Amino acid sequence: MKTRENIKKKKKRFNIARTLVFVLIIYIIVCLCISIYKQPIRHFDIKGNKILTDIDIIRELGLDSYPSFASISPKGLTLELEKNPYVRKATISYGWNFVLLIEVEENRPMFLVKLEDKVALSDGSLIDVRDSDLIGIPTLLNTTPDEIMKTLANSLSTLDEGILYMINDIEYKPSYNKENQIIDEYRFLLSMNDKNMVYINAKRLKSLNKYLDIIATNKITSNGTLYLDGTEDNYFFKKYEEVVTTKEVKEE
C-alpha cells in the first residue's frame, strides 16, 4: 500500500517539475522581449518629401544611428519633425519588420519676398533665404499687406507645378475706382516666362491652371496681358499694341 508520505513526495516532485517549466517559459519570454527591444530600426519608409531629403529627415529626428525600434516614440518624433519650418504636417508610425513609416506634407517655398530678402512658404510664413529654395519660384517685387501675402502663398500652393514654374515675377496691383477707393485688394500682376502678363485675384488664383488652355484654344500668338481678375471664365486678352475684348478671347 502507498503510504501518505509517498504520495506527498510524488506531489512534491511533480510541483517542482511544473515550477521549472514555468520558470523556463518566463525566461524564454523575457529573453525574447529583450531581443526584440534591442532590435534596431531596419529601414525608413519616407513619403511626400521633395524639399527635405530622406537623410535630412532622419538626421532631424536623430535616428541616423538606427536606435532600438521599440525605444522610439512615434508621437514624439512627429511633434519634433513638425517643428521644421518646411514640414506642414507629419505622420510617423511603426511598420512591419522593424520599418519606421514617415509621411510628410511639406511647407513648400512659394516665392521670394524681394524687399525683405525672405522666402514665403505655402502656409504664408517667412523664413531666411536658402539658395536651394530659390529654384523655380517667382519673386514678389513690392510691398504687400501680410494677410494678402499669406493668401497669395496659400493659393500658389494649389497651382499645377508646370504653371507655377511659368511665373517669373509677381507685383501687388490692387484696383481702384475713380474716387481712389480700392475695388480689389487681392489683385496681382504676374509676369510669365512666355512674356505675357496676367492680372489675377489671389483668392481665385486656381483659375491660372487654365492659362495654357486659354492660350492654345484661342490661338494667341502675340504677347500681351491676360485679365483673369474678373469672375470665373470672364476674361479678356489685351495685346501690347491694341485691345481685344470679349469673354471668348480673339486676336485681330
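1. Let's start with the outside. The accessible surface of the chain comes to about 15,900 Å², and 54% of this belongs to carbon and sulfur atoms. Such areas come from the Shrake-Rupley method with a 1.4 Å probe; for residues, only the protein chains shown count as cover.

2. A word on the model. It is predicted, so local features need pLDDT of at least 70 and side-chain atom pairs count only at pLDDT 80 or more, while totals for chains, interfaces and linings use all residues. Residues are numbered from 1 along each chain as its sequence is written, and side-chain values use heavy atoms, with hydrogens and water left out.

3. Now the overall build. The chain has 6 helices and 15 strands (DSSP runs numbered from the N terminus: helices are H or I with at least four residues, strands E with at least two). Of its 252 residues, 38% are buried (under 20% relative accessible area; exposed is over 50%, partly exposed in between, with a 1.4 Å probe and protein chains only).

4. Helix α3 (residues 74–81) is a nice one to look at. Its residues Pro74, Leu77, Thr78 and Leu81 are buried. They lie on the same side of α3 because they cover an arc of only 105° around the axis, taken from the directions from the helix axis to the C-beta atoms. On the other side of α3, Lys75 and Leu79 are exposed. The buried residues of α3 pack against α2 (54–60), β2 (87–94) and β3 (99–106), where contact means heavy atoms within 4.5 Å.

5. Next, the inside. The largest nonpolar core has 34 residues, of which Phe111, Leu156, Leu190 and Leu208 touch the most other members. A nonpolar core is a set of buried Ala, Val, Leu, Ile, Met, Phe, Trp, Tyr and Cys residues joined through side-chain atoms within 4.5 Å. Helix α4 gives the largest share of this core, 5 residues.

6. Leu156 deserves a click. Leaving aside residues up to four places away in sequence, Leu156 touches Arg108, Met110, Phe111, Leu164, Ile167, Ile170 and Leu205. Apart from the largest core lies another, of 25 residues, including Leu63, Leu77, Tyr86 and Leu100.

7. Finally, which helix holds Ile26? Ile26 lies in α1 (residues 4–38), and it counts as partly exposed because its relative accessibility is 37%.
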